[in-house]
Amino acid sequence: MKVVVIQGPNLNMLGVREQHIYGPMKLEQIHEQMKKFAQENGIEIEFFQSNLEGEIVDRIQECLGDAQGIIINPAAYSHTSIAIRDALAAVGIPAIEVHLSNIHAREEFRRKSLTAEVCAGVIAGMGPFGYHLAMVGITQIMREIEAAQKMQQQQTKQH
Ligand code: DQA
């Protein structure tokens, strides 16, 4: 089972940017923790960060036939990008959207996420711990799907 973690614009600046909102932790440190969880749970994991919308669309498309789960923080593109939303819908791979901050308690323009509407779940306002919660969530979803597929295979064999 493989999870791809996709990080949108300006998340490469975590630990530097607006620390009163996003905290002191760097993206690499968050990824280290996620890697540890993945190793402990026998999950393959890959990380990708880009400030460019089209690159994020490309990376989502590349998940098709390769990954069984996506964790994505589309950052500012959450609020604007029909292209990223369409890419998530197109691949149909279960995705969990993460926001470090509680986007519902911030400016009006952040309260709507176009991309969240095509995700299996959303975690917001939990800081870096939100990525851990997303790992737990996507692992559960992937295991449930795998179990359902195995059951279906057994049933078709029996008939
Ligand atoms: C963010 C929230 C977005 O509104 C913002 O543009 C970001 C980060 C978050 O993780 O809280 O860049 O996605």
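Student: How far is an oxygen atom of the ligand from an N or O atom in the side chain of R17?
Tutor: Keep in mind that we're looking at a predicted model. A polar contact needs N or O atoms within 3.5 Å. The R17 side chain makes that cut, since its N or O atom and the ligand oxygen are separated by 3.1 Å.

Student: And what is the distance from a polar side-chain atom of S101 to an oxygen atom of the ligand?
Tutor: H99 also has a side-chain N or O atom by a ligand oxygen, at 2.8 Å. For the polar side-chain atom of S101, the distance to a ligand oxygen is 2.6 Å.

Student: How much of the ligand's accessible area does the protein cover?
Tutor: On its own, the ligand has 320 Å² of accessible area. It sits in the largest pocket. The share covered by the protein is 98%.

Student: How many residues of the shell around the ligand are charged?
Tutor: The residues around the ligand include Y22, N73, H79, L100 and R106. Split by type, the shell has 5 nonpolar and 4 polar residues, and the charged ones number 3.

Student: In what order do the elements of the protein chain run?
Tutor: There are 5 helices and 5 strands to place. Starting at the N terminus, the order is β-α-α-β-α-β-α-β-β-α.

Student: What radius of gyration does the protein chain have, next to that of a compact globule?
Tutor: Along its principal axes, the C-alpha trace spans about 60 × 35 × 25 Å. A compact globule of 159 residues would have a radius of gyration near 15 Å. The chain agrees with that, at 16 Å.

How values were computed: Residues are numbered from 1 along each chain as its sequence is written. This is a predicted model: local features need pLDDT of at least 70, side-chain atom pairs count only at pLDDT 80 or more; totals for chains, interfaces and linings use all residues. Side-chain values use heavy atoms; hydrogens and water are left out. A residue is near a molecule or strand if one of its heavy atoms lies within 4 Å of it. A polar contact is a pair of N or O atoms within 3.5 Å; within protein, one must be able to donate a hydrogen and the other to accept it, and residues adjacent in sequence count only if both atoms are side-chain atoms. Accessible areas come from the Shrake-Rupley method with a 1.4 Å probe; for residues, only the protein chains shown count as cover. On a 1 Å grid over the protein atoms alone, a cavity is a set of points where a 1.4 Å probe fits but cannot get out, and a pocket is an open set with protein on both sides within 12 Å along at least five of seven lines; lining residues have an atom within 4 Å of a point. A molecule sits in a cavity or pocket if more than half of its atoms lie within 2 Å of its grid points. Ala, Val, Leu, Ile, Met, Phe, Trp, Tyr, Cys and Pro count as nonpolar, Asp, Glu, Lys and Arg as charged, and the others, Gly among them, as polar. Helices (H or I, at least four residues) and strands (E, at least two) are DSSP runs, numbered from the N terminus. The radius of gyration is taken over C-alpha atoms; the globule rule is 2.2 Å times the number of residues to the power 0.38.
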